[in-house]
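These are my notebook entries on a single chain, kept in the order in which I looked things up. I began with one pair of facing residues and worked outwards from there.

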Amino acid sequence: MRSKMLTAGLVLALTAALGGAAPADARPGGRPELADPHPCPGQPGFTCSTLTVPLDHTGRVPGTLDLPVATADNANAPKGVLLFLTGGPGQGGVGTITRIARQRLPEVAQDYRIVMLDQRGTGPSGALRCPGLQAEMGSSDIATPSAGAVKECARILGDTAPLYSTDQSVADFDQLRQALGVPKLVVDGVSYGSFTAARYAIAHPHNVSKVILDSVLPHHASASASLYLTGMTAEARVLRAACAVAPACGYDPAEDLAWVVRHRSTADGVRIFDTVVSYEFADPSYRNPAAGDIIGALHEARTGDPARLDGLLEAYQSGGDDPASFSAGLHAATLCADGRFPWGSAATPLALRRPLLSLAAHTLPESATWPYTTGVATQQGFIQSCLPWPAEHPAANPAGPLPDVPVLLLNGDRDLSTPLEWAREEAARAPRGELVIVPGESHSIQNRERGHAGRDAVLSFLRST
């Protein structure tokens, strides 16, 4: 591990030498405004409008972007404005405001004016469109793209690619706050939205009153996160907990998973990883026969019958999602700008990346990836999307704590997309943080929780003084 740490230090020094000013807000003259207000089609009780923001908040690149915004019509809500941020990166927000405000969080909508937007590069009117990457990855973080699809996407975006970093989106959010005419927001983010919510709170601590981080992605990017080490190792804990629920399985699902991964190709290992993470959205128990029983399928594969597992791999194959619902191009552009990798940051020259990745892979102990392998860690989509992505100025990567405001962190203990370990890591950086663990639930508590314990915690948090 010592050689890996030294390499990381050299890469960070290289990144610093390449430089680049930190992004800052750039206002297009006067207070931003929400233009063309009109009833949201098919969403009564909400007004849709357009926020025009600088294409580049640093001022280096001219131009503007028009971001769709949806606001609840209760403009005089007693507790102010709650900005709800969707995930991905790649998901839009405007089309889901009725589901969030009316169906999932109706009590919150009585107290707060809920606001959502299609973040830059997302949604029906603004999605970045990279056909090859969309076909191969869809909404997956993990599916391995071809180098050709990644390079095609980089060519399509060209010099605009760095303008889809989280830094730029955070500046958009403050333009939205100004357009709404409010001094402070409650910021509520799910999955990648928790990352942007935390980054907004850090960048604009005096403009937030409370923060909700649901299914938490830590705000400080790391090489470990880009390798998905926490997500891979968390599968042993989650599958074993699921297997212990009565009637108990009577075998160790983590050992089954490790055996199957080691007796199939690395490409199959990545597909298995992608499938198990995708499967949680259908079956947080991981054992429901109606959904395919991924734990049982792995056990059968280990004992000589891979048919059910192979069927699940086919059924959960990633790719082909509509970019209006999830833009794979935006996903790659944002993650490759924001991320920190075994080779360093987005500034690291392409020629250095593969040797540094290989060096890091050779220093990883088996325990860092088990029940998966180092090959799966280095061949999954996050690494393989950003390995050939063109070098550019990296986005900011604040390592300090969240501001001294109330922060609620929510996580299901069965979540494999953003595992509980990440929520604990982020909670340690929140001076006034409260972590609520929702037993038996997986990803996206406010969107998908089957019960109400997590949403009750949200309501209690928001109603407290």
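**Entry 1: the first strands.** I started at Leu34, which stands opposite Leu51 in strand S2. The model is a predicted one, and I read every value below as computed from it. Leu34 belongs to the stretch 34-39 that makes up strand S1, and S1 pairs with S2 (residues 46-54) in the antiparallel sense over four bridges. I then looked at the connection and found that S1 and S2 form a hairpin with six residues between them, where Gly42 in the turn has a positive phi of about 70°. On going further along the chain I noted that S2 is also joined to strand S3 (residues 64-72), by nine bridges and again in an antiparallel run. For one register point there I recorded Ser49, whose bridge partner in S3 is Val69.

**Entry 2: the chain as a whole.** I next stepped back and counted 21 helices and nine strands in the protein chain. Its radius of gyration is 22 Å, close to the 23 Å that the globule rule gives for 465 residues, so I noted the chain as being as compact as a globular protein of that length. Along the principal axes the C-alpha atoms fill a box of roughly 65 × 50 × 40 Å. Of the 465 residues, 58% are buried. Among contacts with a separation of 6 or more, I found that 77% are between residues 24 or more positions apart.

**Entry 3: helix H15.** How many residues of helix H15 are buried? I found that eleven of its eleven residues (328-338) are, and so I noted the helix as mostly covered. The buried residues include Leu330, His331, Thr334, Cys336 and Asp338. I then asked what covers the buried residues of H15. The cover includes helix H5 (131-137), helix H6 (147-157), helix H7 (166-180), helix H8 (192-203) and helix H18 (381-386).

**Entry 4: the loops beside these helices.** In the loop between H5 and H6 I looked up Ser146, which counts as partly exposed because its relative accessibility is 32%. Ser146 and Ser385 are 239 residues apart in sequence, yet their C-alpha atoms are 8.2 Å apart in space. In the loop between H15 and H16 I looked up Thr348, and this residue counts as buried, at 0% relative accessibility. I also took the C-alpha separation of Thr348 and Leu128, which are 220 residues apart along the chain, and it came to 24 Å.

**Entry 5: aromatic rings.** My count of aromatic pairs came to ten. One of them is the edge-to-face pair of Tyr228 and Phe382, at 6.4 Å centre to centre with 65° between the planes. Tyr228 lies in the loop between helix H9 (223-226) and helix H10 (229-244), while Phe382 lies in helix H18, so this pair ties together parts that are 154 residues apart in sequence. Phe382 has a second partner to record: the ring centres of Phe341 and Phe382 are 5.6 Å apart and their planes stand at 85°, so this pair is edge-to-face. Here too distant parts of the chain are linked, with Phe341 in the loop between H15 and helix H16 (350-363) and Phe382 in helix H18, 41 residues apart. I checked the burial of both residues: Phe341 counts as buried at 4% relative accessibility, and Phe382 is buried with a relative accessible area of 13%. Ring pairs link Tyr228, Phe273, Phe341, Trp343, Tyr372, Phe382 and Trp422 into a cluster.

**Entry 6: the annotated C-terminal span.** From UniProt, in an unreviewed entry, I copied the feature "domain: Peptidase S33 tripeptidyl aminopeptidase-like C-terminal" at residues 383-464. In the model the end C-alpha atoms of residues 383-464 lie 42 Å apart, and the span is 33% helix and 15% strand. I also looked at Phe461, over whose ring the charged end of Lys210 sits, 5.1 Å from the ring centre.

**Entry 7: helix H13.** My last look was at helix H13 (residues 294-302), where the buried residues are Ile294, Ile295, Gly296, Ala297, Leu298 and Ala301. What covers them includes H10, helix H11 (253-262), helix H12 (266-279) and helix H14 (307-315). Just after H13, I noted that Gly304 takes a positive phi of about 110°.

Technical notes
Residues are numbered from 1 along each chain as its sequence is written. This is a predicted model: local features need pLDDT of at least 70, side-chain atom pairs count only at pLDDT 80 or more; totals for chains, interfaces and linings use all residues. Side-chain values use heavy atoms; hydrogens and water are left out. Buried means under 20% relative accessible area, exposed over 50%, partly exposed in between (1.4 Å probe, protein chains only). Helices (H or I, at least four residues) and strands (E, at least two) are DSSP runs, numbered from the N terminus. Contact means heavy atoms within 4.5 Å. UniProt positions are given in the numbering used here, feature names are shortened, and annotations may be inferred rather than shown by experiment. Rings of Phe, Tyr and Trp (its six-membered ring) pair if their centres lie within 6.5 Å; planes under 30 degrees apart count as stacked, over 60 as edge-to-face and the rest as tilted. A charge sits over a ring if NZ of Lys or CZ of Arg is within 6 Å of the ring centre and within 35 degrees of the ring normal. Two strands pair if DSSP finds at least two bridges between them. The radius of gyration is taken over C-alpha atoms; the globule rule is 2.2 Å times the number of residues to the power 0.38.
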